[in-house]
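Biologist: I'd like to go through this model with you. Put it on screen, please.

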Amino acid sequence: NNDYETLKKAFHETATMKYITKEGYKEVNALEFFSGMDASKPKQNRRTRIEDITISGHAANARLEIEYPTFVFVDFMNLLKVDGEWKIVSKIFYRKSKMADNL
């Protein structure tokens, strides 16, 4: 919720984020993408749910749903246990409109 310092603890420094926009495929460094966060801004109106976690040894995958008033982000996070700490090493996501559900 705009707290970059907390987010930075979760992501590995070389973590990637991959997604599709109207212009096509995008791939960025996740920490660089989120670096403009400002914790002094008001908290966002959203609800986050961890829908699924799969762990196998030092590798894991988590599926999250982040619900906003008009849309939902579905995040797929890949994690590795690096030096004893779980770190997100890659993220892909999809933004789905709640309005489409009502059609």
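Biologist: Glu67, buried or exposed?
Modeller: In between: Glu67 counts as partly exposed, at 22% relative accessibility. The cut-offs are under 20% relative accessible area for buried and over 50% for exposed, with partly exposed in between, using a 1.4 Å probe and protein chains only.

Biologist: Before I go on, what are these values based on?
Modeller: This is a predicted model, so local features need pLDDT of at least 70 and side-chain atom pairs count only at pLDDT 80 or more, while totals for chains, interfaces and linings use all residues. Residues are numbered from 1 along each chain as its sequence is written, and side-chain values use heavy atoms, with hydrogens and water left out.

Biologist: Fine. Which residue forms a salt bridge with Glu67?
Modeller: Arg49, with the closest N and O atoms 3.1 Å apart. Arg49 sits in strand 3 and Glu67 in strand 4, so the pair links distant parts of the chain, 18 residues apart. Strands here are DSSP runs of E with at least two residues, and helices are runs of H or I with at least four, numbered from the N terminus. Arg49 is also partly exposed, at 25%.

Biologist: What counts as a salt bridge?
Modeller: A side-chain nitrogen of Lys or Arg within 4 Å of a carboxyl oxygen of Asp or Glu.

Biologist: How many in the whole structure?
Modeller: The search finds 9 salt bridges. One of them joins Arg63 and Glu65, at 3.5 Å from N to O. Glu65 is buried, with a relative accessible area of 14%, while Arg63 is partly exposed at 27%.

Biologist: Which residues are linked in a network of salt bridges?
Modeller: Arg47, Arg49, Glu51, Arg63, Glu65, Glu67 and Lys98.

Biologist: And Lys87, what does that pair with?
Modeller: Glu85, with 4.0 Å between the closest N and O atoms. Lys87 is buried at 16%, whereas Glu85 is partly exposed at 47%.

Biologist: Where does Asp83 lie?
Modeller: In the loop between strand 5 and strand 6. Its phi is near 50°, a positive value in a residue other than glycine. Asp83 is exposed, with a relative accessible area of 80%.

Biologist: Switching to pockets. What volume does the largest pocket have?
Modeller: About 730 Å³. A pocket is an open set of points on a 1 Å grid over the protein atoms alone, where a 1.4 Å probe fits, with protein on both sides within 12 Å along at least five of seven lines; lining residues have an atom within 4 Å of a point. The volume is the space filled by probe spheres set on the points, which are joined across faces, edges and corners.

Biologist: Which lining residues are closest to its centre?
Modeller: Leu7, Phe34, Ile66, Asp75 and Lys91, out of 27 that line this largest pocket. Strand 5 gives the most to that lining, with 4 residues.

Biologist: What's the split by class?
Modeller: The largest pocket's lining has 18 nonpolar, 5 polar and 4 charged residues. Ala, Val, Leu, Ile, Met, Phe, Trp, Tyr, Cys and Pro count as nonpolar, Asp, Glu, Lys and Arg as charged, and the others, Gly among them, as polar.

Biologist: And which residues line the second largest pocket?
Modeller: Tyr19, Ile20, Thr21, Phe73, Phe93, Tyr94 and Arg95. That pocket holds about 170 Å³ of space. Strand 1 and strand 6 each supply at least two residues of its lining, and the classes come to 5 nonpolar, 1 polar and 1 charged.
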